[in-house]
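Colleague: Please take me through the aromatic contacts and the sheet of this model.

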Amino acid sequence: MTLSRCWLLFLLIGAAPVWANTPATAAVELHHYDTESIARLNGGDSDGSADIDTNLLLFKALGDVPAVREMPLARTDHMMEQGLRVCSLNRVKNKSRDAKFLFSLPVNFYLGYQLYQHATTDPLPASLLNGKNQIRSLKQLMQHYPHNQIVIPKAYSFGDALDQAVAEIPARQITAISTSHYYQHFVAMFEAGRADFILLYPTEIQAYLQMTPALQVRHYPLAQAQQYTTGHMMCADTIQTREFVRRVDAALRKLYRDPLFIEANSRTLAAAEAAQIRRAIRAQAAAK
């Protein structure tokens, strides 16, 4: 990205936000679970990550959204199940959620989850991989390493197929984490050697590695993961949230054609991976 484009993106999403001090027209609450992310979202403070910058661009396009409140995922989901006027950011759609809640069009476009291990350890044996160098099965992986740990966030969905794969891992090999400082503690636990494996989007790990270049990792795609995953605004089904999602979708249809939005979803990726994300966004833009 050129210097002039960096400055343009900063000026457009880094300016003082109007949403943090504007009452929500439909009295909808916005929830997120990560303390640092919430501070950036409410302050209009870009950090160069897809999770933050896509939502900042969306908030700017909407013009009047409520300040984001910090709330654990499990508590947010419980409030939605009670029919409260709540929406949650960056949520993955799965069958059980889709049956209960409203989902916006995609806000975040990710390459599928990959498994990361420390580069200082031995590579995985070929017997655990298929012809595409993908891990055949997480269950088989953890059976091969019975004393190893994988760190998994609580109350989190990776999508239906990968959720099922994670459910097959023995509980004693899962280090489950629930924290208001999700990204910092989740990846930091892996970095500190408290877990041997971690599941992340390439965009997430690349953003983290830019801040902590000393962390050396090796990665493997997963045969049980989708090629792409999308993050959405997920809301309880109420009159107010239906109207809010309608406005969100209208704004997103315009953002899909905005180079800044496309760049926000792909800038931390290698060129070939970024091209895949751009194609996914173009396909979404063309969808009826």
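Modeller: This is a predicted model, in which local features need pLDDT of at least 70 and side-chain atom pairs count only at pLDDT 80 or more, while totals for chains, interfaces and linings use all residues. Residues are numbered from 1 along each chain as its sequence is written, and side-chain values use heavy atoms, with hydrogens and water left out.

Colleague: How many aromatic pairs does a search of the whole structure find?

Modeller: Rings of Phe, Tyr and Trp (its six-membered ring) pair if their centres lie within 6.5 Å; planes under 30 degrees apart count as stacked, over 60 as edge-to-face and the rest as tilted. Searched as a whole, the structure yields aromatic pairs numbering seven.

Colleague: What is the angle between the planes of Y110 and Y201?

Modeller: Y110 lies in strand β5 and Y201 in the loop between β9 and α9, 91 residues apart; strands are DSSP runs of E, at least two residues, and helices runs of H or I, at least four, numbered from the N terminus. The two rings are stacked, with 3.8 Å centre to centre and a plane angle of 5 degrees.

Colleague: Is Y201 buried or exposed?

Modeller: Buried means under 20% relative accessible area, exposed over 50%, and partly exposed in between (1.4 Å probe, protein chains only). Because its relative accessibility is 2%, Y201 counts as buried.

Colleague: Which strands stand at the edges of the open sheet?

Modeller: Two strands pair if DSSP finds at least two bridges between them. The five strands run in the order β8-β7-β9-β6-β10, with mixed pairing. One side of each edge strand has no neighbour in the sheet, because each has a single partner strand; these are β8 and β10.
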